[in-house]
Amino acid sequence: MEGIHALREHEVPDPEYDARVLLTDAAKLRLQDYILHANEEATEELALTYRQHIKSRGERVPLQHITGSQDFMGYEFYVNEDVLIPRQDTETLVIEAEKYLRDDISIVDVCTGSGCILLSLLKRNIDRFPHITAQAIDLSDRALTVAKKNGEALGLSDRVTFIQSDLLMGQDECYDVIVSNPPYIPSTVIPGLMPEVRDHDPLLALDGGQDGYDLYRRLIPQAYERLRENGMLLLEIGYDQSAGVSQLMTEAGFVDIETIKDLGGCDRVVVGRKRV
């Protein structure tokens, strides 16, 4: 109760859940084992670690930064302040991209961050498609360090090439599938975001420019040039960006453009095909 009370005082959302997660993390227990050990007396070391966790969370440090992990598509991904915390909404992008996988294709994840999109795609489908060629691109070398660590943890280090690049600038390879969750939050909106996001997610992974479309304007024409005929581009978008991103894809030459909704019913992914 001590932890829950402290988190409530700091207006942390869902303090009961966070306090339980932080306690199990401090005790090095799985969350599902919490009840089995709930009545055990805490050691002094455990109590100290737990109070430090609670203090950090009360300062609105994201829960995932304290525990160092986030579940995505059923896999645990290491995260820190150098990458965007994987969010369930982004799983829509993975599920949609799976429709276009086949063996012997080349796929690239632009703005890869933690690597959660590409790595979960590969992990879920590696037995069906063992010959996919995969690249993960990010401008941030620190983000790529996190992505590489996740690749190692999932046993995919030898399946992915990690590249530091400004989008697809300087890349001369052609791809069959391009996926990306680029920064798309308008610069003016960022100051009003929750402190967990505003103060702790990397600005590079959030800021989409004045109207939120800066990265789309640059990436979509690059993607068209680097895709093979009938290649697919799949982009995560903000809930109100379907029309704008679809228009940019149309102007670049993409066809069969459609918008996919997430489980909450919000527009989440725009898909387009490079025409023959």
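**Entry 1: the sheet**

I began with a single pair of residues and found that Ile107 stands opposite Ala134 in S4. I keep in mind throughout that this is a predicted model. Going from that pair to its strands, I noted that S3 (residues 106-110) and S4 (residues 133-138) run parallel and are joined by 5 bridges.

I then asked in what order the strands of the sheet lie. The order is S5-S4-S3-S6-S7-S9-S8, in an open sheet of 7 strands with mixed pairing. The edge strands are S5 (160-164) and S8 (254-261), each of which pairs on one side only. From one strand to the next the twist averages 15 degrees.

**Entry 2: helices lying on the sheet**

Next I looked up which strands H9 (residues 214-226) lies across, and I listed S3, S6 (175-180), S7 (227-236), S8 and S9 (267-274). The helix H9 runs at about 155 degrees to S7, and I call that roughly antiparallel because the angle is over 145. H10 (residues 242-252) lies across S7, S8 and S9, and its direction is at about 165 degrees to S8.

**Entry 3: the hairpin of S1 and S2**

I turned to S1 (residues 69-72) and S2 (residues 75-78), which pair in the antiparallel sense over 4 bridges. Within this pairing, Phe72 stands opposite Tyr75 in S2. The hairpin has 2 residues between the strands, and there Met73 takes a positive phi near 55 degrees.

Which residues of S1 are on its covered face, and which on the uncovered one? I found Gln70 and Phe72 on the covered face, whereas Ser69 and Asp71 are on the uncovered face. I set beside this the general point that side chains in a regular strand alternate between the two faces of the sheet.

**Entry 4: H1 against H2 and H3**

I compared how H1 (residues 2-9) meets two other helices, starting with H2 (residues 15-26), where the axes come within 9 Å and cross at roughly 130 degrees. H1 and H2 are therefore oblique to each other, and H1 passes H2 in a right-handed crossing. On the H1 side the contact involves Gly3, Ile4, Leu7 and Arg8, and these meet Pro15, Glu16, Asp18 and Ala19 in H2. I sorted the residues of this contact by class and have 4 nonpolar, 1 polar and 3 charged.

With H3 (residues 44-58), the axis of H1 again comes within 9 Å, but the two cross at roughly 15 degrees. H1 and H3 are therefore roughly parallel to each other, and their crossing is right-handed. Here Glu2, Gly3, Ala6 and Leu7 in H1 meet Tyr50, Arg51, Ile54, Arg57 and Gly58 in H3. By class I recorded 4 nonpolar, 2 polar and 3 charged residues for the contact of H1 with H3.

**Entry 5: Glu16**

I returned to Glu16, whose place is in H2, and asked whether this residue is buried, exposed or partly exposed. Glu16 is partly exposed, because its relative accessible area is 32%, which lies between the 20% and 50% cut-offs. Leaving out residues up to four places away in sequence, I found that Glu16 touches Ile4 and Arg8. I also noted His5, which is 11 residues from Glu16 along the chain, with their C-alpha atoms separated by 8.9 Å.

**Entry 6: H6**

Last, I checked how many residues of H6 (residues 116-125) are buried. The helix H6 is mostly covered, with 8 of its 10 residues buried; these are Cys116, Ile117, Leu118, Leu119, Ser120, Leu121, Leu122 and Asn125.

Methods:
Residues numbered from 1 in each chain as written. Predicted model: local features only at pLDDT ≥ 70, side-chain atom pairs only at ≥ 80, totals over all residues. Heavy atoms only, no water. Pairing = 2+ DSSP bridges. Axes fitted to C-alpha atoms, helices over the stretch in contact; angles between N-to-C directions. Contact = heavy atoms within 4.5 Å. Parallel < 35°, antiparallel > 145°, perpendicular 65-115°, else oblique. Left-handed = near helix turned anticlockwise from the far one by under 90°. Nonpolar A, V, L, I, M, F, W, Y, C, P; charged D, E, K, R; others polar. Buried < 20%, exposed > 50% of the residue type's maximum accessible area, 1.4 Å probe, protein only.
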